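Visitor: I have a new model open and would like to learn how to read its strands, helices and loops. Could you walk me through it?

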Amino acid sequence: MTQVSVPVLDFGGQTAQLLVRRVRELGVYSELLPHDATETAVHALNPQGIILSGGPASVYEPGAPQLPAWLLTADLPVLGVCYGMQLQSYALGGQVAPPAEREFGPATIEILDEHALFTATPREQLVWMSHGDRLEALPPGFHPIARSANSPFAAMGDDARRWYGIQFHPEVVHTRFGRELLRNFVHGVCGCGSDWQASSFVSDAIERIRAQVGSGKVLCALSGGVDSAVAALLIHRAVGDQLTCVFVDNGLMRLGEAAQVVETFREHFYVPLVAVDAAEEFLAALEGVADPERKRKIIGEKFIRIFEREARRIGNVQFLAQGTLYPDVIESKAPDRQKGVTIKTHHNVGGLPADMQLKLVEPLRYLFKDEVRAAGLELGLPEDWVWRHPFPGPGLGVRILGPVSWERAETLRRADAIFIGELRAAGLYRATQQAFAVLLPIQSVGVMGDGRTYADVIALRAVTTEDYMTADWARLPDDLLARVSSRIVNEVPGVNRVVYDISSKPPSTIEWE
Ligand code: XMP
């Protein structure tokens, strides 16, 4: 492999994946690897340096993840971030201890002497701290580079060894010169160029798919969203008609979506496509089920069983392709990320049955959403598809809170179509990264004409986000919200109230389930 990288070893910090993103934004390939990844696995990425992420543990706690022993003799530049820095220190003979007070939030650091890590940044700068322990004494060979009021060693380094540690988080936007610091590390210290782009991923991915699939047959689960479309196009480029796409209508798609997906994919993409109408089957399996995680598992398992059925029909299929993205992998506690906490089981990662017969092909497993879009444009996917808001695998199943039924799905479909139609008409579809309606499991009292109503409530959700890992609620214009509300109550039978969700992620999530 000629492509170089600066991988991030994952010690379980909530923003570990942001480190990966920031490095890629600098034109250098990166992946998040488990902290105990083998030396061989790390070297397979042709690393020019290593970043150690933050994490929730204390270095001296029993069972706390430790610095991999191979790193000590690897002769690679290392940047330890927060817990990563404490590990460097602990492993090399420095001293780490709990401070009198935990440090969380903004802090000002002062750079002690000019240093390559802080090239082109001011002597005093605002950073974001989030740590319990701190460094009390540097390991031999290290010198202090920066300090803050609470951290005498806010940054440290051993220039001969090219090992650096910082107590703050350069990956979050609140660290004013975080990008510059990472640039100084990956370009300056590690000596990487800036050759990597999401589009260069396309040719690599095609090669990797060919190597994995050989002459085998692949089924691709097509949802109509940008992810599975890009996955399908990549695989089709790689292995041609060894690929068959399967689109399953689970009865939980949006208004008119099922017909549109089939038509567009057959006409535009010339990819062999089997359409399966499985609405009844899904709704029967979901009857009476209200628990979000159970719904996700049921829907995920049904999908797989249907694909297995289709695979048998086609005959001799060994692979199942999915448009799984990096954030899905990270948030779902997939096997290659053991340290995070499960937030929700995205069905295309965590909900796969243990006895599944097909092997997975996931060409987008290491890409962020905007990188998938860039790859989609490169592959000639029409802009309209490329910029579609994401739609979760379990579809309306996780937007109908409480038990799912065909009637409730119909109610939600109509409300959602009105919302999205008005959003587009106002020219604001692209200004939000995800917008949808949610059907709540409660009824409320209203008055319509001269009569009392006791009917359903629709919540509208619209968010702005860079990466779907964090998000803010969209400040939509009042008159747009008023129009949407009035149309929903007037045009959707059984709804008498509309509310707007003003929660950010965290602490909420984008979907309600
Ligand atoms: P949350 O709700 O976790 O969602 O903030 C983050 C992004 O992921 C989408 N999402 C899913 N996508 N399968 C998917 O393919 C799933 O099970 C799933 N659950 C959530 C969600 O729509 C948002 O874009």
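Visitor: Let me start with a single residue pair: which residue in β16 is the bridge partner of Leu-320?

Guide: Remember first that this is a predicted model. The general idea is that strands of a sheet pair through backbone hydrogen bonds, either parallel or antiparallel. Here, Leu-320 has Leu-360 of β16 as its bridge partner. The strands concerned, β15 (residues 317–321) and β16, run parallel and are joined by three bridges.

Visitor: What is the strand order of the sheet with parallel pairing?

Guide: Read across the open sheet of five strands and you get β14-β13-β12-β15-β16. At the edges lie β14 (273–277) and β16 (359–361), each pairing on one side only. Neighbouring strands of this sheet are turned against each other by 30° on average, direction ignored.

Visitor: Which strands does helix α5 touch as it packs on the sheet?

Guide: Helix α5 (residues 200–213) touches β12 (217–222), β15 and β16, and its direction makes about 165° with that of β16.

Visitor: Now for antiparallel pairing. How many bridges link strand β17 and β18?

Guide: Twelve bridges pair β17 (residues 434–448) with β18 in the antiparallel sense. Within that pairing, Gly-446 has Thr-453 of β18 as its bridge partner. The hairpin of β17 and β18 has two residues between the strands, and Gly-449 takes a positive phi near 60° there.

Visitor: What other strands pair with β18?

Guide: Strand β20 (residues 495–500) runs parallel to β18, with five bridges joining them. In that pairing Leu-460 stands opposite Tyr-500 of β20. Strand β19 (residues 472–473) pairs with β18 in the antiparallel sense over two bridges, and there Val-463 has Trp-473 of β19 as its bridge partner.

Visitor: Why is β18 described as largely enclosed by the rest of the structure?

Guide: Count its buried residues, those under 20% relative accessible area. In strand β18 (residues 451–464), ten of the 14 residues are buried, so the strand is largely enclosed by the rest of the structure.

Visitor: Let's turn to helix packing. At what angle do helix α8 and helix α9 pack?

Guide: Helix α8 (residues 279–286) and helix α9 (residues 292–314) pack at about 145°, and their axes are 10 Å apart. Their crossing is right-handed. On the α8 side, the contact is made by Glu-281, Phe-282, Ala-285 and Leu-286. Helix α9 contributes residues including Ile-298, Ile-299, Phe-303 and Ile-306.

Visitor: And a loop residue: is Pro-122 buried or partly exposed?

Guide: Pro-122 is partly exposed, with a relative accessible area of 34%. You will find Pro-122 in the loop between β6 (103–111) and β7 (124–131). Leaving aside residues up to four places away in sequence, Pro-122 touches Ile-111 and Phe-177. Phe-177 is 55 residues from Pro-122 along the chain, yet their C-alpha atoms are separated by 8.7 Å.

Visitor: Finally, the whole chain. How many helices and strands are there?

Guide: The chain has 14 helices and 20 strands. Its radius of gyration is 25 Å, close to the 24 Å that the globule rule gives for 513 residues, so the chain is as compact as a globular protein of that length. Buried residues make up 59% of the 513 residues. Of the chain's contacts with a separation of 6 or more, 73% are between residues 24 or more positions apart.

Technical notes. Residues are numbered from 1 along each chain as its sequence is written. This is a predicted model: local features need pLDDT of at least 70, side-chain atom pairs count only at pLDDT 80 or more; totals for chains, interfaces and linings use all residues. Side-chain values use heavy atoms; hydrogens and water are left out. Helices (H or I, at least four residues) and strands (E, at least two) are DSSP runs, numbered from the N terminus. Buried means under 20% relative accessible area, exposed over 50%, partly exposed in between (1.4 Å probe, protein chains only). Contact means heavy atoms within 4.5 Å. Two strands pair if DSSP finds at least two bridges between them. Axes are lines fitted to C-alpha atoms, for helices over the stretch in contact, and angles run from 0 to 180 degrees between N-to-C directions. The radius of gyration is taken over C-alpha atoms; the globule rule is 2.2 Å times the number of residues to the power 0.38. A crossing is left-handed if the near helix is turned anticlockwise from the far one by less than a right angle, and right-handed if clockwise.
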